[in-house]
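Visitor: I've got this model open at the bench. Could you take me through one part of it closely, the greasy-looking surface, and deal with the cysteines on the way?

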Amino acid sequence: MTFSISLRYRHWRYVWIPIAAAGMWFSTLLAMLIVWLASGRPRYVSMEGSIAYISDIGASNVKPLFVTGCAITGLGFFLSLVVERYLRHSGRLMPNMRTRERVFSSFAILGSFIGGLGLLFLSIFDTKRYTQAHRICLLVFVVGVALSAIFTVIEYRWISKDFAEHRQVKTAYCAKAAIASILIILAIGFAVALFSAPNAGAILEWTIAFGFTFYLLTFYYDLRLSKNVEKGTLTSQRLGQSNGSSLANPNMTQVV
């Protein structure tokens, strides 16, 4: 009995990685916004419009908070994809049935690593003191996360087609595709507004940043599906031998 309870908690603890990353990111943004508003909306040296960008506030006296938040968020994002890859490979999530899906999963992890580094370094090289370096790191972050999201969505699309009878997989695919598409479209608008309409660019940046929280939380939904599923239960070999029949743990569809 004790072993069973221990095993259940061991399976459940992975979900805290994306939750911690999302919580840290949202809290950091909210704290920075509150500081700016509570300070009377000061106009920082790096500002071009009347609305502060995240980077403008991050270059002020809250820089330690900004760097810490970016570091934890970037690491959590990367680890969420690594753990998802491990659980899928070990047979506790629906497996990749083809090599192409594993390749795209690896590309998604690489994109998250690059994006995470970009996020960390853009907070270190702040826009006030290192304007050019900051913008390069911002570009690295956006491109890294965008590529990671695109590769992840494509991988999930193929998995959802292979296991069409499992609603959870399709739900994960649809959620990721919808959120990623919206954020990428907003990011394109942000790139245009950044140089032509500073205030609109600032609003888009804050919207994209808070929206990224929801993308991180989609990995909570993915990882929670491994709860109570033993290692090796969902492997491509076993599912292939069963001609597509479900071998998932009966409790898996009832996870709350």
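Guide: Cysteines first, then. A disulfide is a covalent bond between the sulfur atoms of two cysteines. To count here, a pair of cysteine sulfur atoms has to lie within 2.5 Å. Keep in mind that this is a predicted model. Searching the whole structure with that cut-off turns up 0 disulfides. As for individual cysteines, Cys 70 is buried because its relative accessible area is 0%, and buried means under 20%. Cys 174 comes out at 38% relative accessibility, so it counts as partly exposed, the class between 20% and 50%.

Now the surface you asked about. There's a nonpolar patch made of Val 103, Phe 107, Leu 110, Phe 113, Ile 114, Leu 117, Phe 121, Ile 124, Ile 136 and Val 140, and together they offer about 780 Å² of accessible area. Two elements each give two or more residues to the patch: helix H5 (99–124) and helix H6 (131–162). H5 provides the largest share, with 8 residues.

Pick out Phe 121 as an example. This patch member sits in helix H5, and its relative accessibility is 34%, so it counts as partly exposed.

How does that line up with the record? The unreviewed UniProt entry annotates several stretches as "transmembrane region", including 103–124 and 136–156. In the model, residues 103–124 are 100% helix and 0% strand, with the end C-alpha atoms 32 Å apart. Residues 136–156 are likewise 100% helix and 0% strand, and there the end C-alpha atoms are 30 Å apart.

Definitions and conventions
Residues are numbered from 1 along each chain as its sequence is written. This is a predicted model: local features need pLDDT of at least 70, side-chain atom pairs count only at pLDDT 80 or more; totals for chains, interfaces and linings use all residues. Side-chain values use heavy atoms; hydrogens and water are left out. Patches are made of residues with over 30% relative accessible area and no salt bridge: like charges are joined within 9 Å, nonpolar side chains (Val, Leu, Ile, Met, Phe, Trp, Tyr) within 5 Å. Accessible areas come from the Shrake-Rupley method with a 1.4 Å probe; for residues, only the protein chains shown count as cover. A salt bridge is a side-chain nitrogen of Lys or Arg within 4 Å of a carboxyl oxygen of Asp or Glu. Helices (H or I, at least four residues) and strands (E, at least two) are DSSP runs, numbered from the N terminus. Buried means under 20% relative accessible area, exposed over 50%, partly exposed in between (1.4 Å probe, protein chains only). UniProt positions are given in the numbering used here, feature names are shortened, and annotations may be inferred rather than shown by experiment.
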